[in-house]
Each structure stands twice: as structure tokens, then as C-alpha cells.
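This report concerns selected features of the structure shown below, from local backbone geometry to the contact between chains.

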Amino acid sequence: MKRRSFIKAAALGTAAAAVHWDGALFAQSDEKKSAENSSKPLDIVAIHGGTAAEMFEKGIAEMGGMGRFVKKGQTVVLKPNIGWDRTPDYGANTDPDLMGIVTKYCLDAGAKEVLCFDNTCGNDWENRYKVSGIKDAVEKNGGKMIPGQTESLFEEQVIPKGVKLKKAKVHKLVLSADVFINMPVLKNHSGTKITAALKNSMGCIWDRGFWHSNDLPQCIADFGTFWKTQLTILDAYRVMLENGPRGSDPKRAPVAKYQIISTDMVAADTAATQIFAQVARQHNMGKPYTTEEITYLALAEKAGVGTMDLTKLNMKRVAMA
Amino acid sequence: MRRVRIGFSLLVFLLLSAQFLDIFHRLPESWYALHPTQTQFIPSLLNFLGGGGVLAGAAFLTFTVTTFIFGRVYCSFFCPLGIGMDIVRWFAKFPARNRFLKKSALGRYCARALKLSWERAWNKLRIAAVAFAALLIAFGFTSLLGFLDPYSLFGKIFGLIVFPGLSLANNELSNFMIERGVYTVTAVNGDVRVSLALFGLALFILVGVSALSIWRGRIYCNTLCPVGGFLGWVARHSLFRLELIPESCGRCGLCERECKAQCIDAKNQKLDFSRCVLCFDCVRTCPRGGVQYVFHPPFASREKKAVSAGSTGAALSSLPAALPEAVQLLPGSMKRREFVRSVPAFAALLCTAAKLKEGQPLPAPTDSDVPYEILPDATPYWLRGERPDKRLTVPPGGVDIKNFFNKCTGCQLCVSTCPMQILKPSLTEWGLNGIMQPFMDFTKGYCVHECRACTLVCPVDALHPLSVEEKKVEKIGTAIFREDLCVVKTDETDCSACGEHCPVTAIEMLPYNVDKHLYIPHVHAEVCIGCGACEHVCPVLPHKALVVQGINVIKKAKVFEESMRLYQPAAAPVTAEPPPVVDGGDPFPF
């Protein structure tokens, strides 16, 4: 039942988005490599130069406003990265200001409720919701924090296209959401080198250990085939370059002021990897990984989750003054 | 006075229970610092003997002194087990008291069954309990002392029954509501379950104590309880003692029936003050004010006192029978001498046991070609079915394994407090002598880097309070890595769950297979604090590739420095100057 309503809502949302598009605004800003086709809605926007909240406001306007994704009366689920008991300056979790403003935008777009959860890395999840500042930011803006670490909240699901991951216990909100917004943070990761949009799915499932012991990159790609997200808002305001994903020191997470808003997770991660490499070079810290080194990207592309070829997408780059 | 006693004791009971009822771990740290357990007699005594100073021993000293003045103030006002027993009795008496049930068969039965009367003191048992407790303290068998000490018994009941029960009930409620889309009640952190055997033991204590209290009131306090025994001995010489005043006493026996310590002999107008728990029920019951405090000047000899008591009383003839058993136990009594003689023998027995407990040989079982690495200071406690080089760790703040064993009474306060619920009471994990003392169970979670809750709550200083900074480098063990078990080697896939969770960067990922972009963990042993994060998240089963090996003496870990890094990623890229971010330039690399 839930699933059916979800699919219906998703179909409705897409149709509505197409209809609504014509009236959308196009902010004129410095664009380049004009792959941008102004008659079609944007697939991906990369923003640089503001605070996380400012960049989001600019970027979502470019994407056609929150109304393109969130319709009246829908339930929106935000999935940030709240893995670690770290304050925002470590860059280990999604920026709380960004969480706050996205919550607000969703509600302003008419969402019935905005729910937010993450299966944190350690069972003091309440503490992590708090320390990251996300609980405060979301609740202040009218959203609700939902526990992400109660086993009864997870439902066993079959992953039809899974290569290694055939089954997974998935958080109920993943299944019941009308609009699912993936809100990862870009950072270094000791295992997968970089974590961003695709790897953020590990906070939606119960048994991460299985993934770790059964070809982690393949599992990430497998789950991508199952996971329906309408939007990815990738926070790279701070980029943790070293000692990720937990982070050892705020100095290793310099302020880089990037953000990517995309409908394609693989594309968002591909762009993010390049941003990571650039920031790493600029600060002479961490390793400038290539997209080939992030093995789950190619696997996800092969599985049809998205594309690594940014030129195929209707993309816009926005540099804020 | 009775009302004051009831109100006050309920308050104390509630304050002492608060930590056990705090299933969401929301009590502030300032609460721990002023923790009500500091009012407890045995913990305070252990703290005092452990070198905690006069302040640590404040409760023990205060109660000894106040008992010498007024009698056993501790027993009815501060002892959680005693208060608990009173509460049980109060509930048991309910049918006899209730307006509607009073006349029923149940009401009449309860009234009859709960009626108490004067009983002789079992002084030999009392002295034995005190002596036994003293020996247990002297030889460091505090885990056994924890089965006599009323506070520790109370803690066992609350920590092993009430806390998990409440938590599980809450989780059920939470599930029920979440299924209906209400998220107001959240499940508690971690796995609160305790081993069935220990739950059974705690249940046995609960049922036993309740049954004793219904059967004969405060019988436990006046037989097995070492605190009751010791304070009773002090109360015998108190300056102010409750007595039946012969002038007003009509020997009606009302007070005797009410006395839960069964220390009033109304017929002979005697009140055995050494057994009196100072509940003041008798004072309130007597319609003629026949029970009152009488001043006894100190240093009066026994004979004189007997005379003075006789002068106030009429029935001098009843003295021999009425004087507490002490008279019969005066020097010269054969039984007492025998008892005294048996003490050294018993001490010798304990001494041997203590030696055995310390001298446990290191078991070195092996089921692999590669020898297991056992570091020189590893604790000797290993678990059946686990990797042989996995060793139990003393919780943070434990100083060393002896200090921890010799102080912890197993009151379960830290077990209930642990926000991750990884402290679990030992059944045999810490050996036979370590029963109920907590060990760290990394299958349930890991020790959070900045958390120090257990060290703050410990009433006996078995876990010494740590600051957050101290806790972050408190090295309780070392993670031991075995490459032959790691998925990076066995399956040639990425994992790095351990490196990802390590809070102190003790795990460095070294290149393993460059073509496949594989990295394998390496442990910097001197940096590792033994928090168990890597062991907890390691996905390899049944034996984890990383296990924590506890150490006997807790150390300060080194802080990771970049110079310790074994692998420097291909030095800074060749681009001599980093591409500058010029204003107006293109910030996008794609």
C-alpha cells in the first residue's frame, strides 16, 4: 500500500514538475561550457562561494524552486549524514544551517511534514543528532527528527538488481516517503576514499556490517538501484580532506564553499570527487582522488543508477560573488 | 517523627533510584557529582579505606557518630534496601488496612500473617556477618560483599530488573506508537538485556528480601546485614536510646506488634535498641507516650547502667532475660571463644583464595598456525568461543585490575548509567570472584570517546572520576589486528569499517593492493585506547579481525601525530603552486 502510494506520488511529482517548469526563473549568472539547454529543466547545479544556506537558496532557484520537487501535502524525508558525534566545524556531518533551510523550503512548498533521520555510527544516536546541531536546526524550522537506530523501524526488502546485495533491512521512511531528499556531506573516507551521495545510503539500512564484508563498493552501487531519491543536495561547504569519515581536527576540514544540487546521485558524486581533488590540491592536504579510484561510481553507473558523464546532463555552474 | 521519617526516606529512595530509572541517560553530569550514593555506608567505608580521605568517608563517619548519639539513623532514613523493605511491607499490609478489604478473608489473613512480636536477637549471626564483611573487605572480595551490603543489593535489584524492565517496556511502547506514526516515544540506546542467570539472581534477591520483610520485618537488617550489625553494636552504647517508660507503659503490646525489628518486649517493658532501626512506629502507636528517648551518660559501666535502667524501670527481675544477648556473649562464653578462634582459620581460607585469584596462569589456547600475539601486560581474562588473544578490559577509570576488583561491589550503577549499554555485569567472565562486576562487552557497542559517565557515578571509586581530556587518552587495552582474518585480504574488497570508527586515528590504512585501490588496517598500538570501536564494527565473523586485548594497568595513550604515519600518500601533487582561487576565476573543476 505504502509503496504503491509512493510510486503514484513520484509519478505525479514528475509530471507536475514537467508542467510547472515553463514558468520557472532563470537567474543569469556566469555560465560556461554551455551544455546548458535552457529549454529543459536542470539536472544538476553546482554552486560556489556562499554559506551553505545561501548556496542552497541560489541553487534551488536555478533548479526551478522547491515546488518542482515538493508538492502540497507530501511527506518529505531528509537523509543527512549524522554519522559522528562531531560539531559542524569538523565537516563530519551535513551542515546544520543547510538542514534548517531545506526543512523550511520544503514546508514552504507545502509539504505536510518534513522528517529527518540517519542510522548513526554508534548507538548514542540521540547524542549525535544533538551534537551535530542538526536536531536543533531541523526542529526549529518545523521538521521532525525520527530515530534511525531502532531495529523495528527497518523492514526487510529485496534488491532485485543487486549483484552482491540481494536483500537489505531498510528504514521505513525510505519506503514511505513521498519525496526523499538525500543530503550527504562530502568528505574523505578511509574505506571508499570519498563519501558523498551514494554512500550516504548506508544510513538508511540496518546491517552495515554485511556491506563491509561483502564488497562495499558493489553493495553501495546495488543499493543505489533500489533507493529512490528525488533530489540530492550535496554539502561541500566544508570538505574534510583527511582522517575521514570521523575526522580528527577541524583544521583538516577547510571551508571550500561548494554545493551540488542534483537529481542524479552518480553525477553529484562525480562532480563532488572533482571538487574534492581540487580542494585537496589547493590546501595541499589529503589525496586528490580520481573518479576511477572511487570504485563505486563506475559500478553504480553500470547498474544504471546515474551517469558519470556530466556533459550528458543539463548542468549549470553558479559562482556567487 | 514517623511522618518525617517516611517523607524523608521516600525522598532518599527516589534520589537513589533516579540513576537507575534514567533509561534515556538524560541526568546531567552535575547530578553525578552530587550523587546521593555518597550517603551510603559501605561504599563510603570502602572509599575511606581506599584512601579517599575524610570527605569520601563522610557518610561512614557521620552515621557512626550519629548512631552513637541517636541510634541507627541510616537504617530507616538512608538505607535503600531497608526503605524498600518497608515499602514492600506497606503494600503487603494494604488489604489489612483498606476500608473495604479489611473485613474480607484476605484482609484478615494479611492482618494475622503480618503481625509481629518480640523475638530473640540472633547475635552470633550478626557478629559473624560483620566479621565476614570485614574479612571480605580486608582481602578484597568486594564482589561478595556486594551480596551483603544493602546498597549493593538494592543496586542489583534496580540495575538488573528495574532498569532493563523499564527500558524494554519503553521500547515496546515506542514500537507500538511508531507503527502508528507517532514518534514521541523513542527507544532507548543500545542493548539493555542482561544475562538470564544474573537476572534470575537479582530476582532471587528481590523475592528473598521481600519475603523476609513480609515474614519478619527487618530480620535481614538484624541478622545478615553487616551495616545493621555494626551500627547495632554502636547503638548499644548510644547516648539517647528509645525505651519503654514504665511509668506510662501499660504493657498493652501495641508497639510490639508494630515493631518491624521485633525488638520490643512489651511484657517485660524492654526495647533492644541495638536492633531498633529507628522507624518511630512504636512512638506513634503508643497512646500513652510510653516510648521515649532516654539519655544515657557515656562511660557509665555496664553495671551502673543496668542499675540506672533498673531505677527507671520497675521490673528489675526481668533484666537478665531482657538484656540483649550480649550478656550471654560476654567473655567467657564458650561459643564466642570458638567463634573468635574460627576467624583466623576463615581468614586463612580467604587468603588462599585471594592468592589463587591473583595467580591465574595465562591460558594460551591456539587454533591457528600463526601464534596469537599476547602483549606482556594483557589481562588473564579471556572468553570462551572468542579469539584467544581477546582479553577483557577494565572499564575506564579503573586504574588497574586489582584496584577495580578490590573495590567494586557490583552495585550496577555504572551498568545502568552507560549510555552505550556496553558495561555488562559479569557472571563468570571476570572469574568466579568477579561476579556482578562490570566488563565491557564490545558486541553491544563501543566506548564513546568523550563519554566518562561510568567513572563519575561509581560510589566506591573502583572507577576513578576522569575529566573528558583524561578519558580521551585513557588506554584500557590494545586492538590486535590479524591480517589473515581481514576481508581486505580474504575477499580482496574494500572495507575500512575499523579505520572509519577509530576515534584516535590509531588505525592507519596502508596500501595493500594498489591496482584494486585496496587498503588494509594497521594498528598504532601506543595510540590505541582500547575503546572497542574497531572490534564492534569489524564485519568478520565468527572471529573479528580486530579484537581488544585488555591490559592490567591502565595507561595514558599517546596522541597520534602525523610523523607516526607509515604511509605518506604520494607526497604533495606535482603542481608546484596550488591553483589559486582568484576572485572571478572559475571555481569549478568540471
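Gly110(A), which comes just after helix H3(A), takes a positive phi of about 105°. The model under discussion is predicted. Helix H3 of chain A comprises residues 96-108, and its 13 residues should span 18 Å at 1.5 Å a residue; the end C-alpha atoms are 18 Å apart, so expectation and model agree. Buried residues of this helix include Pro96(A), Leu98(A), Met99(A), Gly100(A) and Ile101(A), and also Val102(A), Thr103(A), Tyr105(A) and Cys106(A). Among the elements of chain A that cover them are helix H2 (52-63), helix H5 (134-140), strand S2 (75-80) and strand S10 (231-240).

In chain B, two glutamines have a positive phi, as tabulated here.

| Residue | Phi | Loop in chain B |
|---|---|---|
| Gln269(B) | near 55° | between strand S2 (264-265) and strand S3 (270-271) |
| Gln421(B) | near 55° | between helix H20 (413-417) and strand S5 (423-425) |

Gln269(B) has 20 other C-beta atoms within 10 Å and is therefore buried. Gln421(B) also counts as buried, because it has 26 C-beta neighbours inside 10 Å.

A cis peptide bond, with omega about -5°, links Leu541(B) to Pro542(B). Pro542(B) is placed in the loop between helix H25 (533-537) and strand S10 (546-556) of chain B. Most residues other than glycine have a negative phi, and most peptide bonds are trans.

Between the chains, 46 residues of chain A are in contact with 42 residues of chain B. On the chain B side, helix H11 (150-179) and helix H24 (497-501) are the elements that give two or more residues. The most come from H24(B), which gives four residues. By class, this side of chain B has 25 nonpolar, 13 polar and four charged residues.

Conventions. Residues are numbered from 1 along each chain as its sequence is written. Chains are lettered from A and ligands numbered from 1 in the order in which they are written. This is a predicted model: local features need pLDDT of at least 70, side-chain atom pairs count only at pLDDT 80 or more; totals for chains, interfaces and linings use all residues. Two residues are in contact if their C-beta atoms, placed from the backbone, lie within 7 Å. Ala, Val, Leu, Ile, Met, Phe, Trp, Tyr, Cys and Pro count as nonpolar, Asp, Glu, Lys and Arg as charged, and the others, Gly among them, as polar. The expected span of a helix is 1.5 Å times one less than its number of residues. A residue is buried if 20 or more other C-beta atoms lie within 10 Å of its own, exposed if 12 or fewer, and partly exposed in between; C-beta atoms are placed from the backbone.
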